[in-house]
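Here are some exercises to work through with the model open beside you. Try each task before you read its solution.

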Amino acid sequence: MTNCNLSMNNVINVSFRYKEKYGFYSKYLRLLNNIFDEQVFKENVEDIKIILKTALNHFPYEIDISTFLDLKPVQEINKSDKDLYELFITAVEGNLESFEKWKQSHSSYLTTNSNS
Amino acid sequence: MILDVRYQLHVFIKHNFLVAVSSFYILSLLSSKITDQAQQLKSIRELINVIVNTKPETSGLRFKLLVTLFNNFSNDKEIGYEIFYSILSLADELNKPSILLAHLNNIDEYISKWNLSKEKQTKLLKLASRLINKCDDKL
């Protein structure tokens, strides 16, 4: 019984933390969008990639990533990492079969530093 | 007076948690009463330096003191940003990003309130995203 409760608490805590994290990602991308230029993109491109990969790792659970596509920091990823951008489009378009197939054939591609 | 007693903070932090917090609270209140803004900024920056340069074993206390400062000065456009950036830097240095998640979700409000320049926004967002990416993100 105790173990069960602990497990449930862990699930609730981690899930809550993920939602907060996603909330930050959304704000971060929008704030970057407001001040966006070439220099801002250059300084933040690696963080943007981590955000997109993290979002794709959680897709399609609890996450609405479709609005990210309207933002310049995400659109510009197409120039820096075409594969990532195309996978993102595949996910947003809801093509789950293609998405899963691509993910399976590139098993380590979506790994980020935070996925330890 | 602030300048006279500030040096005692190092000793307080090392020896007595409650004394340190109480003393610091008084110091930050006194700082808020300084009418000369340049002098006030100087005093607050010195308080931040004391905390940031304290030994790592007092990390919990360092957070507590910085948050006390932040709660007193978060409405100040210049110093509010500097204190918040110091808190994020400390979390980054100590690898304790998750305790700041709630604060990071207010980052848009802070940026708007402090009317930050593009450079400061970029710097703050960069540090914030590094911190958030350090947090565990498993479902």
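**Exercise 1. Place Asn115(B) among the elements of chain B, then describe its backbone and its surroundings.**

Step 1: Asn115(B) sits in the loop between α8 and α9 of chain B; helices here are DSSP runs of H or I with at least four residues, strands are E runs of at least two, and both are numbered from the N terminus.
Step 2: Check phi: Asn115(B) isn't a glycine, yet its phi is positive, about 50°. Most residues other than glycine have a negative phi.
Step 3: Look around it: Asn115(B) is exposed, because it has 9 other C-beta atoms within 10 Å. (Exposed means 12 or fewer such atoms, buried 20 or more, partly exposed in between, with C-beta atoms placed from the backbone.)

A word on the ground rules: this is a predicted model, in which local features need pLDDT of at least 70 and side-chain atom pairs count only at pLDDT 80 or more, while totals for chains, interfaces and linings use all residues. Residues are numbered from 1 along each chain as its sequence is written, and chains are lettered from A and ligands numbered from 1 in the order in which they are written.

**Exercise 2. Do likewise for Asn95(B): which loop holds it, and is it buried or exposed?**

Step 1: Asn95(B) lies in the loop between α6 and α7 (101–104) of chain B.
Step 2: Its phi is positive at about 60°, although Asn95(B) is not a glycine.
Step 3: Asn95(B) is exposed, with 9 other C-beta atoms within 10 Å.

**Exercise 3. Describe how α2(A) packs with α5(A).**

Step 1: Get the geometry. Helix α2 (residues 38–58) and helix α5 (residues 82–92) of chain A pack at about 35°, their axes 11 Å apart. (Axes are lines fitted to C-alpha atoms, for helices over the stretch in contact; angles run from 0 to 180 degrees between N-to-C directions.)
Step 2: List who meets whom. Lys49(A), Leu52(A), Lys53(A) and Leu56(A) of α2(A) meet Leu84(A), Leu87(A), Phe88(A) and Ala91(A) of α5(A); a contact puts two C-beta atoms, placed from the backbone, within 7 Å.
Step 3: Sort them. That contact has 6 nonpolar, no polar and 2 charged residues. (Ala, Val, Leu, Ile, Met, Phe, Trp, Tyr, Cys and Pro are nonpolar; Asp, Glu, Lys and Arg are charged; the others, Gly among them, are polar.)

**Exercise 4. Which residues have the most contacts inside the largest nonpolar core?**

Step 1: This core has 49 residues, and Tyr28(A), Leu52(A), Leu69(B), Ile83(B) and Ala128(B) have the most contacts inside it. (A nonpolar core is a set of buried Ala, Val, Leu, Ile, Met, Phe, Trp, Tyr and Cys residues joined through C-beta atoms within 7 Å.)
Step 2: Elements giving two or more residues to this core include α1 (2–34), α2 and α5 of chain A, along with α9 (118–134) of chain B.
Step 3: Zoom in on Tyr28(A): apart from neighbours within four places in sequence, it contacts Leu125(B), Ala128(B) and Ser129(B).

**Exercise 5. What pLDDT does each chain average?**

Step 1: Chain A has a mean pLDDT of 79, with 78% of its residues at 70 or more; pLDDT is the predictor's confidence in each residue, from 0 to 100.
Step 2: Chain B averages 78, and 73% of the residues score at least 70.
Step 3: Find the weak spot in chain A: residues 1–11 stay under 50 and have 0 contacts beyond four places in sequence.
Step 4: For the complex, the predictor gives an ipTM of 0.71 and a pTM of 0.75.
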